[in-house]
Amino acid sequence: MPVLTTRLTRLLGIRHPILLAGMAGGPTTPELVGAVSGAGALGVFGVAGMTTDAVHDAVARARELADGAPVGVNVLISPAVPRPGADSRRMDDLLAPLRAELGLPHPAPSAHTPATPVQLVQAGLDAGAAVVATGLGDPAPVAGLARDAGVPLIAMVSTVEEAVLVVESGADVVVAQGGEAGGHRSNFLVQPDGPVPLVGTMALVRQVVRAVDVPVVAAGGIMDGAGMAAALALGASGVQLGTALLVASEAGVPASWRDRVRTARDDETIVTRALSGRPARGLPNVLIGQLDVPGAMGWPQQNAATSDVRRAAAAADRSELMSLWAGQAAALAGPDRPAAEIIAQFIAGALDTIADISALQSD
Ligand SMILES: Cc1cc2nc3c(=O)[nH]c(=O)nc-3n(C[C@H](O)[C@H](O)[C@H](O)COP(=O)(O)O)c2cc1C
């Protein structure tokens with residue numbers, strides 16, 4: 001089968017111009033990362049919130065499964081976003097009955113100090129990661145590590161201004177994250193409250209391509225080969241997939257979350273600060289309804305305060321109490337199937353779309 005060769009595939013040494021979004025908190029398992037890389041795309045591990053030992057083991061395992069193909073690690077670099085009126089006692093009171101329902105101790109035992117992005121990236125590189133990726137902020141703190149290790153640095157942005165900034169900070173690839181995208185918004189400057197800037201993928205990718213010289217990867221709402229062809233037509237050198245790979249058989253995504261993704265309406269996802277203190281796009285549920293109240297804290301406090309509930313709910317497959325991050329085009333996800341099949345469908349679909357569009361030409 002023909003392949004699509006771009007600046008991205010050449011830079012990263014991969015066969016297909018597709019990146020798995022590092023999806024921290026469960027979805028990116030070693031099996032998923034290994035399967036995506038093994039299929040010729042780039043598997044990226046979302047390691048935010050993990051211990052450095054866990055990162056080392058997970059990356060090493062993913063590399064074994066990838067059969068020699070490169071794998072990457074993704075960290076979240078966000079400044080703290082304090083919110084006026086934050087009330088940790090009110091949050092505790094709201095979380096108490098949910099913890100009881102899930103059989104969790106209350107208050108939650110105090111968590112260990114989380115590893116920093118620099119420590120997480122170092123652990124990934126020690127285990128042989130061949131790419132470093134960042135989201136939510138300026139990648140400068142980890143740029144030196146990537147450079148010293150001789151691996152490409154990929155940074156996700158949500159505005160043209162951020163795209164220019166990350167290239168100045170050393171990014172070799174820019175991921176342009178449109179407003180359709182599932183998960184946390186990559187806006188660097190986040191207001192504690194008020195409207196969230198949501199530049200759409202089509203508008204953003206085209207402007208970022210014009211603003212920077214490095215390869216640009218499109219992210220947000222890309223769910224099949226037609227979406228991928230559209231991104232390439234805008235000048236992107238590849239696509240980054242989050243929601244489309246939530247239904248991969250190897251993803252660490254409970255069945256009830258997969259079902260919500262498949263049955264989502266186009267207008268159903270919301271952007272909320274309720275679960276982490278930073279804006280993120282996902283499907284509404286009971287947990288968001290209960291925590292989206294005055295007193296909710298900012299990043300990272302709210303994220304830490306709710307993490308035991310969300311983790312336990314995911315383990316118990318209770319979709320009403322977990323984080324259901326998903327993008328606006330979620331309903332296009334299709335049935336559960338192996339990641340390699342999804343990647344192959346993307347490439348075949350993109351090639352078909354490009355041929356269909358070429359066939360429109362007439363004299
Ligand atoms: C469940 C989920 C978790 C995510 N976690 C991360 C993360 O840890 N790091 C990151 O840079 N981006 C994360 N993202 C955002 C993706 O990088 C990407 O921007 C987004 O998935 C693209 O839109 P799509 O979901 O429509 O494909 C996450 C997205 C989802 C859906």
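Helices H2 and H3 cross in a right-handed manner in this predicted model. H2 covers residues 30–38 and H3 residues 52–66, and the two pack at an angle of about 35° with their axes 7 Å apart. Below you will also find a second helix pair, H5 with H6, an open sheet of three strands, and the pairing of S2 with S3.

**Helices H2 and H3**

- On the H2 side, the contact is built from Pro30, Glu31, Val33, Gly34, Ser37 and Gly38.
- Facing them from H3 are Ala58, Arg61, Ala62, Leu65 and Ala66.
- Sorted by class, this contact holds six nonpolar residues, three polar ones and two charged ones.

**Helices H5 and H6**

- Two packed helices are described by the angle between their axes and the distance between the axes.
- For H5 (residues 117–126) and H6 (residues 140–149), the angle is about 15° and the axes lie 9 Å apart.
- Angles under 35 degrees count as roughly parallel, and H5 and H6 are therefore roughly parallel to each other.
- The crossing of this pair, H5 with H6, is right-handed.
- H5 brings Pro117, Val118, Val121, Gln122 and Leu125 to the contact, while H6 brings Pro141, Val142, Leu145 and Ala149.
- Of the residues in the contact of H5 with H6, eight are nonpolar and one is polar, with no charged residue.

**The open sheet S7-S11-S10**

- Strands of a sheet pair through backbone hydrogen bonds, either parallel or antiparallel.
- Here, three strands form an open sheet in the order S7-S11-S10, and the pairing is antiparallel.
- S7 (183–184) and S10 (270–272) are the edge strands, each pairing on one side only.
- Strand S11 (residues 280–282) runs antiparallel to S10, and three bridges join the two.
- For a landmark to look up in the structure, try valine 271, whose bridge partner in S11 is arginine 281.

**Strands S2 and S3**

- S2 (residues 43–46) and S3 (residues 71–76) run parallel and are joined by four bridges.
- Glycine 46 has asparagine 74 of S3 as its bridge partner.
- In a regular strand the side chains alternate between the two faces of the sheet.
- Along S2, Gly43 and Phe45 point one way, whereas Val44 and Gly46 point the other way.
- Which of these S2 residues are buried? Gly43, Val44, Phe45 and Gly46 all are.

Definitions and conventions. Residues are numbered from 1 along each chain as its sequence is written. This is a predicted model: local features need pLDDT of at least 70, side-chain atom pairs count only at pLDDT 80 or more; totals for chains, interfaces and linings use all residues. Side-chain values use heavy atoms; hydrogens and water are left out. Axes are lines fitted to C-alpha atoms, for helices over the stretch in contact, and angles run from 0 to 180 degrees between N-to-C directions. Angles under 35 degrees count as roughly parallel, over 145 as roughly antiparallel, 65 to 115 as roughly perpendicular and the rest as oblique. A crossing is left-handed if the near helix is turned anticlockwise from the far one by less than a right angle, and right-handed if clockwise. Contact means heavy atoms within 4.5 Å. Ala, Val, Leu, Ile, Met, Phe, Trp, Tyr, Cys and Pro count as nonpolar, Asp, Glu, Lys and Arg as charged, and the others, Gly among them, as polar. Two strands pair if DSSP finds at least two bridges between them. Buried means under 20% relative accessible area, exposed over 50%, partly exposed in between (1.4 Å probe, protein chains only).
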